[in-house]
Amino acid sequence: MKHFTDFSVLTTTLRQTDKKKIVALACPHDSHTQKVINMALDNGIAEFILTAGRQVDENLSLIIERHKEHVKLIECGNDEEAARVAVETAKAKRADILMKGTLNTDVLLHAALDKQSGILKKGRVMTHIAMAQIQGYKKLLMFSDAAVIPHPTLEQFHAIVGYTAEACRRLGIETPSIALTHFSEKTNPKFEHTISYKEIIRRAGNGEYGNCIVDGPMDVKTACDTESSEIKGIISPVAGNADVIIFPNIESGNTFYKTISLFANATTAGWLEGTDVPVVVSSRADSVESKYFSLALACFLSNNDY
């Protein structure tokens with residue numbers, strides 16, 4: 001399988017396949033979402049079932065008319081109904097991906113997490129996974145959790161590491177390097193996550209996450225910069241070569257996400273994992289490019305056949 005080093009290579013691969021994913025998209029009423037729909041249709045990477053929570057505007061009508069063989073519109077009475085119908089579409093396996101449009105994330109997640117009609121099976125952990133293309137770093141960098149789990153427990157870390165390792169392998173990284181981050185390299189009972197890290201490393205050594213290398217604790221610079229790890233005398237196959245960064249809490253993960261986007265001009269994409277289908281819940285402040293790459297990643301990761 002091809003190892004993707006940037007988003008453009010991944011989207012090119014998607015365009016070259018005849019297998020189009022179906023996206024259930026709730027409330028496609030803002031200009032950014034409509035641009036993403038149009039880009040995906042023009043590039044042939046997806047088809048859409050649009051659940052509209054209000055009257056469709058002229059621009060969306062034109063997109064639907066131009067791509068009528070690849071778009072289905074379901075008119076709903078409000079955002080809540082649009083979210084429910086989109087989730088039901090995914091749950092019934094009529095869509096491969098669930099995506100948020102204009103509506104608030106809480107409205108979509110309320111429907112997605114409904115115990116009776118939602119798409120999160122009992123016992124599964126839902127987490128947010130992001131991927132960034134950062135100028136100066138040699139490859140795409142995956143990280144979690146920047147948006148969903150405030151302070152992961154051991155079993156939540158277990159799920160996050162498993163999800164990210166599998167996502168990397170689907171993206172062609174045969175043996176992903178996963179860094180468990182902290183502000184230092186020392187395990188300290190005052191910081192409970194560092195104790196969880198020891199158990200995660202033990203489980204990784206036993207093969208519970210498949211083919212991957214997991215190490216930590218280490219800081220982000222050590223994980224991604226070989227010179228820093230050498231100066232510190234840290235000997236680890238992960239140091240300076242991380243494919244994945246696992247953050248100890250949502251504060252550090254979210255701050256990293258926003259910082260690289262604003263100050264490093266990083267291109268980012270993200271999705272929710274653990275649900276029956278990938279869920280794209282981009283922030284309203286995210287760029288069109290970021291939302292498009294989030295959708296492209298979800299399309300790719302929803303199937304192993306590319």
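1. Let's start with a pair of helices in this predicted model. Helices H6 and H7 cross in a right-handed way. H6 covers residues 154–170 and H7 covers residues 192–205, and the two pack at an angle of about 50 degrees with their axes 10 Å apart. Because of that angle, H6 is oblique to H7.

2. If you would like to find this contact on your screen, look for Leu154, Glu155, Phe157, His158 and Val161 on the H6 side. On the H7 side, their partners are His193, Ser196, Tyr197, Glu199, Ile200 and Arg203. Sorted by class, the contact of H6 with H7 has 5 nonpolar, 3 polar and 3 charged residues.

3. A word on how to read such pairs: two packed helices are described by the angle between their axes and by the distance between those axes. Keep this in mind for the next points.

4. Which helix does H1 cross at roughly 55 degrees? The partner of H1 (residues 7–15) is H11 (residues 288–301), and their axes come within 10 Å. The angle is why H1 is described as oblique to H11. The crossing of H1 and H11 is left-handed.

5. Now for the residues that make the contact between H1 and H11. From H1 come Phe7, Leu10, Thr11, Thr13 and Leu14. From H11 come Tyr292, Phe293, Ala296, Leu297, Cys299 and Phe300. How many charged residues does the contact of H1 with H11 have? There are no charged residues in it, while 9 are nonpolar and 2 are polar.

6. The pair H2 and H3 is worth a look as well. H2 spans residues 31–42 and H3 spans residues 58–66; they pack at an angle of about 15 degrees, and their axes are 10 Å apart. Angles under 35 degrees count as roughly parallel, so H2 is roughly parallel to H3. The crossing of H2 and H3 is left-handed.

7. In the H2 and H3 pair, H2 contributes Gln34, Ile37, Asn38, Leu41 and Asp42 to the contact. H3 contributes Asn59, Leu60, Ile63 and Arg66. These residues divide into 4 nonpolar, 3 polar and 2 charged.

8. Let's step back to the whole chain. The protein chain is divided into domain 1, made of 1–120 + 276–305, and domain 2, made of 125–274. How many residues does each domain give to the contact? Domain 1 gives 28 residues and domain 2 gives 22 residues.

9. Two further values describe this domain pair. The C-alpha centres of domain 1 and domain 2 lie 27 Å apart. The area buried between the two domains is about 2100 Å², and carbon and sulfur atoms give 65% of that area.

10. Next, have a look at the backbone, where two peptide bonds deserve your attention. One is the bond joining Ser144 and Asp145, which is cis with omega of about -5 degrees. Asp145 sits in the loop between strand S6 (141–144) and H6, and H6 is a helix you met in the opening point, where it packs with H7.

11. The peptide bond from Gly216 to Pro217 is cis too, with omega near 0 degrees. Where does Pro217 lie? You will find Pro217 in strand S8, which runs over residues 213–218.

12. A last backbone detail concerns Cys27. Its phi is near 65 degrees, which is a positive value in a residue other than glycine. Cys27 is found in the loop between strand S1 (21–26) and H2, and H2 is the helix that packs with H3.

How values were computed:
Residues are numbered from 1 along each chain as its sequence is written. This is a predicted model: local features need pLDDT of at least 70, side-chain atom pairs count only at pLDDT 80 or more; totals for chains, interfaces and linings use all residues. Side-chain values use heavy atoms; hydrogens and water are left out. Axes are lines fitted to C-alpha atoms, for helices over the stretch in contact, and angles run from 0 to 180 degrees between N-to-C directions. Helices (H or I, at least four residues) and strands (E, at least two) are DSSP runs, numbered from the N terminus. Angles under 35 degrees count as roughly parallel, over 145 as roughly antiparallel, 65 to 115 as roughly perpendicular and the rest as oblique. A crossing is left-handed if the near helix is turned anticlockwise from the far one by less than a right angle, and right-handed if clockwise. Contact means heavy atoms within 4.5 Å. Ala, Val, Leu, Ile, Met, Phe, Trp, Tyr, Cys and Pro count as nonpolar, Asp, Glu, Lys and Arg as charged, and the others, Gly among them, as polar. Domain bounds come from an automatic or database domain assignment. Buried area is the accessible area (1.4 Å probe) that two parts lose on being put together, summed over both.
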